[in-house]
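Please work through the exercises below with the sequence and the coordinates at hand. Each task is followed by a solution that proceeds step by step.

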Amino acid sequence: MSVVHLTDIEQLMEQVVAYHPEADTSLIRRAFEYSVKAHEGQTRQTGEPYVQHPLAVAGILTFLKLDVPAIVAGLLHDTLEDTVATQEELEEQFGADVARLVDGVTKIGKISFETYEEKQAENFRKMVLSMADDIRVVFIKLADRLHNMQTLEGLSDEKRKKISQETMEIYAPLANRLGMSWIKQELEDLCFQYLQPEACSLLKLRLAKKDDERQAFIQSLIQIAQEAIAEAGLSGQIDGRPKHLFSIYQKMERRSVSFDEIYDLTAIRVVTDSRMNCYAVLGLIHSIWPPVPGRVKDYVATPRSNLYQSLHTTVVGPQGEYVEFQIRTAEMHRINEYGVAAHWLYKEPGKARGSDEDVFSWLRQFVEWHKDLSDNRQFMDSVKLDLFHDVVFVFTPKGEVREVPVGSTPLDLAYAIHTEIGDQCVGAKVNGKLVPLRHQLHSGDMVEILTSSAQVPHRGWLKFVRTSKAKTKIKHWFKVEEQKRALELGRHLLEQEFQRHQYSVEQSLKSERLVSMAKGRGCETVDELIRMVGFGRLSPDQIVESFQEELDGSFPQNATQDELVVSSPKSPGLFRGGPVKFGGTKDVLMQLSKCCKPVPGEPIRGYITRGRGLTIHAVDCPNFQSLEWEHSRLVKVEWDGDVAGSHSVDVSVLTLDRPGVLAKVSSGISQCKANITKAEISTREDQKAVLDFVIEVKNTAHLELIIQEIQRVDGIISAKRVRGWA
């Protein structure tokens with residue numbers, strides 16, 4: 001299915017009146033005239049007048065049969081961003097509903113998904129959350145993206161690829177999640193054309209060569225099926241449609257087969273008059289051609305979450321070729337093509353029909369699952385995970401059908417049912433047998449979740465749960481527990497410090513001075529200030545000192561939450577004024593991580609360790625990466641430009657087992673003015689040896705020089721830095 005591009009306002013209004021005879025076309029005409037004036041003098045990269053773009057977007061929205069405010073907003077969707085128009089002006093001329101829709105589309109902004117920059121992630125979050133407020137905003141955005149993809153010719157190859165990549169990653173899956181299959185397919189084929197032009201061109205050529213032959217074959221099958229359906233007294237309209245390019249390419253990649261081994265290039269669609277007759281037609285098709293085992297799918301009894309309903313079967317046709325049949329009712333077909341938009345009621349803008357209101361339940365649940373993610377980048381990762389899933393259907397002991405992504409575990413199902421059930425899950429039975437929580441579910445499994453009130457989530461669960469809801473809820477539980485523990489620890493440390501200075505603990509913790517101090521440090525409550533102490537971001541003695549300073553009238557009012565003030569180091573390895581700066585200063589308590597031993601010159605991040613200040617990790621350290629979801633305790637740090645001294649690194653050398661090789665390697669290291677603090681050698685049965693060194697280096701450049709010198713030694717196979725040795 002493809003949209004016929006409209007070239008003028010008259011065609012647009014005719015389209016609207018065709019499905020909405022009572023539409024206020026005068027409002028549409030005024031919006032078009034306003035858009036022409038606002039975009040006067042502006043052209044697109046293709047050279048055509050800019051107003052052709054909003055006209056095309058509005059045309060796509062009429063194809064979805066949207067209401068007048070949505071069509072008007074489509075005509076005006078770029079005016080706030082690209083012209084001098086204001087929201088107040090739009091509201092005055094076209095009403096609050098239109099102004100709100102245009103503002104919603106504008107706020108989404110131009111999104112890039114190649115990085116996780118905060119601004120980009122925030123824009124994406126706005127788009128997803130806007131769906132629950134008024135899904136027409138996303139309809140307009142999808143129409144906007146579809147026309148942009150159709151008109152990329154004027155852009156550079158780099159820009160075309162960048163736009164296609166973000167479209168393939170976000171907009172096509174989003175259209176699929178909304179059940180708008182034709183938009184999803186057209187977006188994917190357009191992206192395929194720009195991201196893999198050679199593969200796309202070759203596939204088009206091979207399809208064209210087989211087209212006449214395929215069409216004749218399909219028509220013969222349609223005729224046989226049509227005669228059989230009529231003879232059985234059933235109703236059914238039959239047509240054949242070619243699979244879209246990208247789906248064929250995906251099938252070739254997924255099955256690791258050539259084009260000649262893909263047989264079901266065309267799907268034959270049968271549209272009948274009732275749900276019961278869908279199954280009757282299925283039986284009739286199977287009586288003519290044998291079905292392929294495992295290729296019969298019933299999406300009528302168990303619809304997909306994006307509303308899709310149909311019976312699918314692949315049969316062995318003449319000459320042993322596979323052919324796919326899709327059987328559905330006319331209403332199912334309408335919903336399958338238009339998705340959520342098929343449930344739209346233009347007489348009540350922003351709302352679905354009362355009887356169909358439940359079709360939006362997944363959308364509200366979708367947003368609900370992600371609301372606990374305060375970090376925008378985490379939010380974007382989580383939503384992308386949900387958009388891309390394929391699904392399996394499982395049953396509860398009560399016979400309820402539940403849909404979960406492929407690869408889901410009983411724990412994912414437990415969290416899908418209710419957060420408390422997930423938190424208290426101790427095990428599961430699948431088809432009557434006990435299975436581990438990491439067991440992967442399959443369609444048709446009957447799953448019973450076992451719980452205990454004594455159970456709490458485990459961090460290890462994050463390694464195998466599949467769904468974003470499960471990941472989000474587990475992380476949220478630990479975040480809440482961290483907050484509780486930090487509050488308890490912070491209160492305990494403060495009480496000790498108040499007692500040591502002979503202050504009344506009870507009066508001090510309730511005093512207005514502490515409230516004032518909390519506000520001065522950017523905290524909304526005293527508890528938040530106390531949690532900073534528990535997390536190690538603030539030392540209790542500093543608070544008590546500030547207490548005394550306020551008594552003297554010298555309490556600093558401009559302290560910020562970003563400061564990290566800690567007590568004097570009491571443990572080996574902790575230092576102040578070292579090689580790392582935090583917030584422009586080196587006067588913080590910190591230690592270099594022993595697991596990755598970061599060296600000046602490589603990217604680093606700081607992790608706030610309770611009671612011990614900052615631990616400095618290399619960003620590629622596996623231990624640090626496992627902590628990345630705890631964003632509240634991660635801070636940006638940098639190496640001091642004037643850093644001096646040496647740092648221990650572990651270097652492993654694989655060499656042929658020859659006499660004198662250790663001496664030659666050691667000599668090479670010494671020539672680079674580096675000191676070896678530890679050396680071990682072990683031989684292997686394959687006549688090779690492993691030399692492990694701990695070497696003192698100045699920075700990454702010094703380390704690279706040493707490794708290059710080692711590799712020059714005759715007989716050396718490899719030399720590399722390793723983490724976590726020694």
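The exercises start with conventions and totals and then turn to individual elements.

**Conventions.** This is a predicted model, in which local features need pLDDT of at least 70 and side-chain atom pairs count only at pLDDT 80 or more, while totals for chains, interfaces and linings use all residues. Residues are numbered from 1 along each chain as its sequence is written, and side-chain values use heavy atoms, with hydrogens and water left out.

**Exercise 1.** Determine how many helices and strands the chain has, and what percentage of its residues count as buried.

*Solution.* Step 1: assign helices (H or I, at least four residues) and strands (E, at least two) as DSSP runs, numbered from the N terminus. The chain has 27 helices and 20 strands. Step 2: apply the burial classes, namely buried under 20% relative accessible area, exposed over 50% and partly exposed in between (1.4 Å probe, protein chains only). Of the 726 residues, 51% count as buried. Step 3: count contacts, meaning heavy atoms within 4.5 Å. Among contacts with a separation of 6 or more, 66% come from residues 24 or more positions apart.

**Exercise 2.** Establish the strand order of the open sheet that contains strand 8, and identify the helix that lies across strand 8.

*Solution.* Step 1: two strands pair if DSSP finds at least two bridges between them. The open sheet has three strands in the order 9-8-10, with antiparallel pairing. Strand 9 (433-435) and strand 10 (447-451) are the edges, each pairing on one side only. Step 2: take axes as lines fitted to C-alpha atoms, for helices over the stretch in contact, with angles from 0 to 180 degrees between N-to-C directions. Neighbouring strands of this sheet are turned by 35° against each other on average, direction ignored. Step 3: inspect the pairing of strand 8 (residues 425-430) with strand 10, which is antiparallel over five bridges. Cys425 stands opposite Thr451 in strand 10. Step 4: helix 18 (residues 410-417) lies across strands 8, 9 and 10, at about 80° to strand 10.

**Exercise 3.** Describe the surroundings of strand 4 (residues 311-316).

*Solution.* Step 1: five of the six residues of strand 4 are buried. Step 2: strand 3 (residues 291-298) pairs with strand 4 in the antiparallel sense over four bridges, and Pro291 has Val315 as its bridge partner. Step 3: strand 5 (residues 322-329) also pairs with strand 4 in the antiparallel sense, over six bridges, with Thr313 bridged to Phe325. Step 4: strands 4 and 5 form a hairpin with five residues between them, and Gln319 in the turn has a positive phi of about 60°.

**Exercise 4.** Explain why the buried residues of helix 26 line one face.

*Solution.* Step 1: in helix 26 (residues 661-671), the buried residues are Val661, Val665, Gly668 and Ile669. Step 2: seen down the helix axis, the buried residues of helix 26 fall within an arc of 100° (taken from the directions from the axis to the C-beta atoms), so they line one face. Step 3: Ala663 and Gln671, on the other side, are exposed. Step 4: the buried residues pack against elements including strand 17 (647-656) and helix 27 (700-711).

**Exercise 5.** Locate Gln687 and state whether Gln687 is buried or exposed.

*Solution.* Step 1: Gln687 lies in the loop between strand 18 and strand 19. Step 2: phi of Gln687 is near 65°, a positive value. Step 3: Gln687 is exposed, with a relative accessible area of 57%.
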